[in-house]
2 protein chains.
Amino acid sequence: MKRFSFEVISETLREVLTKSGFDDERAELCGRLFTEASRDGVYSHGLNRFPRFIDAIKTGLVDVDAKPELIQSLGALECWDGHSGAGNLNAYDSMTRAIALAQAHGIGCVALRNTNHWMRGGSYGWQAADQGMIGICWTNTLPNLPPWGGTKPTLGNNPLVIAVPRDEGHVVLDMAMSQFSFGALETYRKRDQQLPVVGGFDGKGQLTSDPGEIEASGRPLPIGYWKGSGLSLMLDMVVALLSGGNAVFQIPPEVPKETKLSQVFIALSPLKDDREHTLNGILAFLRTASSDESGVRYPGERTLEIRRQSIDQGIPVDEDIWNQIIAL
Amino acid sequence: MKRFSFEVISETLREVLTKSGFDDERAELCGRLFTEASRDGVYSHGLNRFPRFIDAIKTGLVDVDAKPELIQSLGALECWDGHSGAGNLNAYDSMTRAIALAQAHGIGCVALRNTNHWMRGGSYGWQAADQGMIGICWTNTLPNLPPWGGTKPTLGNNPLVIAVPRDEGHVVLDMAMSQFSFGALETYRKRDQQLPVVGGFDGKGQLTSDPGEIEASGRPLPIGYWKGSGLSLMLDMVVALLSGGNAVFQIPPEVPKETKLSQVFIALSPLKDDREHTLNGILAFLRTASSDESGVRYPGERTLEIRRQSIDQGIPVDEDIWNQIIAL
């Protein structure tokens with residue numbers, strides 16, 4: 001593990017992206033989004049994902065020249081086609097447009113079809129909150145989550161992001177509909193640890209906290225059992241109906257592909273009066289649930305801590321990944 | 001348990017509501033919403049709740065003359081004050097307005113402050129879907145759910161509703177952020193049954209499936225542990241920032257009160273082309289997760305079955321409750 005400054009990393013990524021065919025502005029933004037993900041501790045969708053992203057350009061999955069195209073406007077609700085462009089750029093553009101719509105109408109919604117993996121979903125929540133907007137967005141994905149009552153993956157884990165702007169630090173939830181990602185299961189297994197709570201079924205159909213058993217059965221749990229199962233389904237239906245794009249069942253199930261996804265981006269203008277007072281009151285009350293000061297955390301709190309550390313000490317980078325990137 | 005026709009019940013409720021001071025039109029709508037909840041199997045927020053609703057009028061919690069007042073409009077996003085009117089009427093009016101906004105702008109959002117319990121939240125999802133709209137709404141409530149990492153209830157279970165219109169029967173999710181409601185815990189305990197999955201903590205801070213232990217500790221679980229805890233917090237923040245009304249921590253914690261709530265109602269216009277094809281494809285694929293035809297259900301499926309039964313055979317009514325109602 002090495003640490004590099006934000007500038008060194010983002011500049012390095014920018015150069016690779018320029019070589020891969022992006023114009024200067026898009027290369028800068030794309031590199032920045034990857035760097036910010038690692039800066040905020042989301043390494044899996046930051047630098048660790050970058051080599052695979054470049055590979056997706058080489059294999060033609062991601063089109064560096066594509067930009068979202070407006071298909072239909074109903075005023076505050078717009079439908080766009082991502083034309084298989086870079087997922088994080090398409091998503092960033094879509095939230096930018098949703099914010100502009102919200103500035104004009106109070107609320108704005110962009111539904112996006114035919115896009116690629118947006119990398120770190122939270123990015124677009126932080127983006128909205130940085131503009132003083134409430135941001136809500138979600139994506140569908142390939143079938144990777146069995147519904148409650150079933151054994152085969154016919155749902156996506158469909159991550160949902162909700163962000164609220166706050167002067168002292170935004171509050172940003174970024175969560176998938178599975179209790180644990182396959183990445184998390186792998187991490188626990190490699191450390192020889194049990195999950196903190198049950199995370200799926202073993203081969204005999206029993207609930208288990210053993211990460212390896214869940215990887216083997218391919219049956220991770222939706223959050224809240226039947227509840228997250230239902231929520232995942234609804235998110236897929238809404239995103240498909242608004243975008244006119246693929247639903248989970250129409251997305252190729254081969255894991256490395258994960259393309260032609262559908263996403264929704266909503267921005268809402270909060271009432272200005274006493275916003276900080278309300279949010280700080282909510283958080284202060286939240287803390288009182290535990291006698292331990294740090295017993296209860298809010299979504300995004302840990303992100304801000306890691307971000308401060310990354311800025312102070314540099315962003316941690318896996319050496320193997322770094323060597324791969326500079327060789328690109 | 002008796003069964004009565006929809007007409008007999010709704011007419012009986014209408015008469016009581018007229019006596020309680022509602023004008024004819026509001027009495028009819030309010031009675032219909034209660035009757036529909038029971039018709040669809042949500043007895044707890046249908047007829048079983050009606051005597052308590054009338055009591056709330058008598059104690060001044062619900063103002064029969066109040067109607068929502070527009071406080072601010074930003075175009076497609078409006079903020080209304082419910083002035084402590086009947087919760088179900090305020091909610092119905094708000095979704096009606098959100099639908100009108102969505103007809104004009106593609107998406108519409110009404111944030112409502114100072115309202116009362118909306119009874120069955122799903123009602124406003126079905127309402128939107130009946131108008132061919134996607135409906136999303138949620139409410140906050142009094143502090144009744146400890147956050148992950150805490151022992152005291154500083155979150156609300158903040159029910160969330162997502163509805164999608166479908167010719168063969170809408171798909172409607174209506175779920176609280178707690179894994180089990182206190183009503184459900186009581187039902188399991190009285191039947192001397194364990195919960196199907198862990199539902200909270202016992203007095204020693206261990207996860208348990210024993211409903212009585214959870215009632216005693218006052219520590220039900222949020223869905224997905226830390227995930228539902230975060231989602232509940234975000235729903236509260238968004239609803240408070242949009243409505244300018246109370247957050248959970250500002251709502252009086254005394255259980256019978258549960259007043260001055262904040263709610264959000266969003267309607268979205270789906271793309272018309274191949275809507276049914278997409279939704280039916282999603283549902284058909286969902287079923288393939290289980291070799292058992294009825295292994296996997298979708299949100300709202302059971303509602304439609306119960307509705308058909310209620311229409312065929314009459315709506316089941318608890319005799320005690322019915323006697324209370326006709327004595328009102």
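In this predicted model, the contact between chain A and chain B draws on 63 residues from chain A and 63 residues from chain B. On the chain A side, the elements that each give two or more residues are β3 (77-81), α4 (87-105), β4, β6, β7, α8 (226-243) and α9 (275-287). Helix α8 of chain A supplies the largest share of this side, with twelve residues. By residue class, the side of chain A that touches chain B divides into 39 nonpolar, 18 polar and six charged residues.

Several of these strands reappear in the sheet of chain A, and a walk across it is a good way to get oriented. The sheet is open and has seven strands, in the order β2-β3-β4-β10-β5-β6-β7, with mixed pairing. Its edges are formed by β2 (69-73) and β7 (171-175) of chain A, each of which pairs on one side only. From one strand to the next, the twist averages 15 degrees.

Within this order, β4 and β10 of chain A are neighbours. Strand β4 (residues 107-115) and strand β10 (residues 261-268) of chain A pair in the antiparallel sense, over seven bridges. For a handy landmark in this pairing, one can look at A:Ala111, whose bridge partner in β10 of chain A is A:Val264.

A helix accompanies the other part of the strand order. Helix α5 (residues 122-130) of chain A lies across β5 (134-139), β6 (160-164), β7 and β10 of chain A. Relative to β6 of chain A, helix α5 runs at about 20 degrees. Of the strands that α5 lies across, β6 and β7 are also among the elements that give two or more residues to the side of chain A touching chain B.

Conventions: Residues numbered from 1 in each chain as written. Chains lettered and ligands numbered in written order. Predicted model: local features only at pLDDT ≥ 70, side-chain atom pairs only at ≥ 80, totals over all residues. Pairing = 2+ DSSP bridges. Helix = DSSP H or I, 4+ residues; strand = E, 2+ residues; numbered from the N terminus. Axes fitted to C-alpha atoms, helices over the stretch in contact; angles between N-to-C directions. Contact = placed C-beta atoms within 7 Å. Nonpolar A, V, L, I, M, F, W, Y, C, P; charged D, E, K, R; others polar.
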